[in-house]
Amino acid sequence: MSWATNAIFYELYPRAFADGDGDGHGDLRGLRQRLDYIEWLGIDCVWLTPIYPSPLRDDGYDISSFYGLLPKFGHLEEFKFTVDEMHRRGIKVILDLVVNHTSDDHPWFVEARSSKESPLRDWYVWSDTDDKYADTRIIFLDTEPSNWTWDEGSGQYYWHRFFRSQPDLNYDNPAVRAEMLRIIDFWLKLGIDGFRVDAVPYLIEREGTNCENLPETHDILAEWRRFVDERHPGTILLAEANQWPRDLIPYFGTSSAPEFNTCFHFPVMPRLYMALARGDRSSVVEILNETPQIPPGTQWATFLRNHDELTLEMVTPEEREFMWDYYAPEPRMRLNLGIRRRLAPLMGNDRRKIELMNSMLFTLPGSPVLYYGDEIGMGDNIYLEDRNGVRTPMQWSADANAGFSTASRELLYAPPIEDPEFGFTHVNVEAQRSDPSSLLWTIKRMITARKQLPVLATGRLDWLQEIPNQGLCFWRTEGDTHFLALHNLSDEPLSINLPGTGSYRNALDPESGALSGDVSLPPFGYLWLTPA
């Protein structure tokens, strides 16, 4: 079993987290200065979004070199020191590995587009026409009319599944595959504990298909896993594959050809929001009932929000319209097939709903992944471009610049949130850490309890059926260990008769006394129960 099976992950956007040198841009020095906080919160593993050299047209996911760091973050020796400091505190760290594409500023692509005869031409995907792979969906519908872009200099189209500034690598070329193994090896030798691997379904293109989830893609992924297990045992690969459950299962691989240790379960995420909006558990129950068993020793990764928009690709068109109308009534709140808002604004800043969503995250199957700032209920800025509105500076205190940076305001990479509801003068770590009744302390208590309940990592899921649809209630069971989670999705109280004749203990408040018989959940209330 991998260490990731029962880990609490924390997605940290380094540019936004803490500025240690006063230039207005988060960096490794700032991260080290805040490791006490991450350790106190109870985080097992930090996921760092891209820190590689980049023109930052897509916040670092447009990589211009896979070796080294963007200078604003620091240098490689400092990175190694930072990793060592995290390990000293018992915190693991994984990096984002963007395997599908590079920046068009990358020297590989600069060379490849210089001539059709370039020795690197075949490192990317080219065509004389833009009608190849016509069955492939366009991911960024807001900005890209096609997956092909004309390159005037060399007289061909190049292929890209994302922005035109991010040409796709050609994994039919053995040289590309060999180079990616060298990149993986380079970073693992620096001591990191694995990778969150970006956009893995799109590595291979074939005519007559949708160019997703192809067998050749799985051959490549199995090659990576074999390499990692042989050279760097104990490290993990976490897949970002936004697919239906039946299409996600192959990304775990087989016993003879394993692929990923952990995969994000994208489809369950929007259904948690849908269930809350409708006061009806059905959507969550259906998607989890449709989720096949995963191989022993693997795990799902689950989340409520991340650095991207809240994607609505894995819902029906009718459900998408409902979600937009309910959670994103203003056009600026929408992006591509999703919603660019943080958790607290999506919940109308209702503390009850924020806690309820987190309770479901921590008790349903999978390793929870938190997004920086959501533990204090940070807001967003929908008037920033693209997805930058959910990537604003971490709100550490009521001091200038939210305690994020000592730079003058005009040098900050982005303005901190200052609105009356979510502004940093009242929503910040310092204020909440000193208040045991705060959201931050509630999330910390959930993390602590979750880590003391291994049944939540590997236990079987069984639904409580004989209750109204407003109740999302279930057992997690492993051997003789039982855990009962009760959630009220509605704004009306919910009465539940506790199963069996024995009594239960509140796992989040062990001193509160035993419970038995009927319990009443308040509107949007929840309980974590273990047999007393």
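Two strands pair here if DSSP finds at least two bridges between them. The model behind these views is a predicted one.

**View 1. β16 and β17, side by side.** Strand β16 (residues 474-478) and strand β17 (residues 481-487) run antiparallel and are joined by five bridges. To get your bearings, pick out F474: its bridge partner in β17 is A485.

**View 2. The open sheet around that pair.** Zoom out a little and you get an open sheet of five strands, paired antiparallel in the order β15-β16-β17-β21-β19. The edges belong to β15 (460-463) and β19 (504-506), each of which pairs on one side only. On average, neighbouring strands of this sheet are turned by 30 degrees against each other, direction ignored.

**View 3. The largest pocket, with β15 in its lining.** About 560 Å³ of space lies in this pocket. Its lining takes in 23 residues, and Q293, I294, P365, G459 and R460 are the ones that lie nearest the centre. Four elements give two or more residues each to the lining: α10 (282-289), β10 (299-303), α16 (455-458) and β15. Which element gives the most to the lining? That would be β15, with three residues.

**View 4. β10, a covered strand with partners β9 and β14.** Five of the five residues of β10 are buried. Q299, A301 and F303 point one way from the strand, while W300 and T302 point the other way. Strand β9 (residues 262-264) pairs with β10 in the parallel sense over three bridges, and C263 has W300 as its bridge partner. Strand β14 (residues 367-371) also runs parallel to β10, again with three bridges; here F303 is partnered with V369.

**View 5. F66 on W108, a stacked pair.** Searching the whole structure turns up 39 aromatic pairs. One of them is F66 with W108, which is stacked at 5.7 Å centre to centre, with 25 degrees between the planes. The two rings come from distant parts of the chain, 42 residues apart: F66 sits in the loop between β2 (45-48) and α4 (76-88), and W108 in helix α5 (residues 107-112). Are these residues buried or exposed? F66 counts as buried because its relative accessible area is 1%, and W108 is buried too, at 13% relative accessibility. Keep the view open a bit wider and you'll find F66 and W108 in one aromatic cluster with Y52, Y67, F79, W123, F186 and W187.

**View 6. F162 and Y202, edge-to-face.** These two rings lie 5.8 Å apart centre to centre, with 70 degrees between the planes. This pair also links distant parts of the chain, 40 residues apart. F162 is in the loop between β6 (156-159) and α6 (174-188), and Y202 is in the loop between β7 (194-198) and α7 (215-231). Both F162 and Y202 are buried.

**View 7. Two arginines over tryptophan rings.** R34 lies over the face of W396, at 4.1 Å from the ring centre. R433 does likewise with W40, at 4.3 Å from the ring centre.

**View 8. G30, tucked into helix α2.** G30 is part of helix α2 (residues 28-33), and it is buried, with 0% relative accessibility. For scale, look across to W324: the C-alpha atoms of G30 and W324 are separated by 37 Å, and the two residues are 294 apart along the chain.

Conventions:
Residues are numbered from 1 along each chain as its sequence is written. This is a predicted model: local features need pLDDT of at least 70, side-chain atom pairs count only at pLDDT 80 or more; totals for chains, interfaces and linings use all residues. Side-chain values use heavy atoms; hydrogens and water are left out. Rings of Phe, Tyr and Trp (its six-membered ring) pair if their centres lie within 6.5 Å; planes under 30 degrees apart count as stacked, over 60 as edge-to-face and the rest as tilted. Buried means under 20% relative accessible area, exposed over 50%, partly exposed in between (1.4 Å probe, protein chains only). A charge sits over a ring if NZ of Lys or CZ of Arg is within 6 Å of the ring centre and within 35 degrees of the ring normal. Axes are lines fitted to C-alpha atoms, for helices over the stretch in contact, and angles run from 0 to 180 degrees between N-to-C directions. On a 1 Å grid over the protein atoms alone, a cavity is a set of points where a 1.4 Å probe fits but cannot get out, and a pocket is an open set with protein on both sides within 12 Å along at least five of seven lines; lining residues have an atom within 4 Å of a point. Grid points are joined across faces, edges and corners, and a volume is the space filled by probe spheres set on the points.
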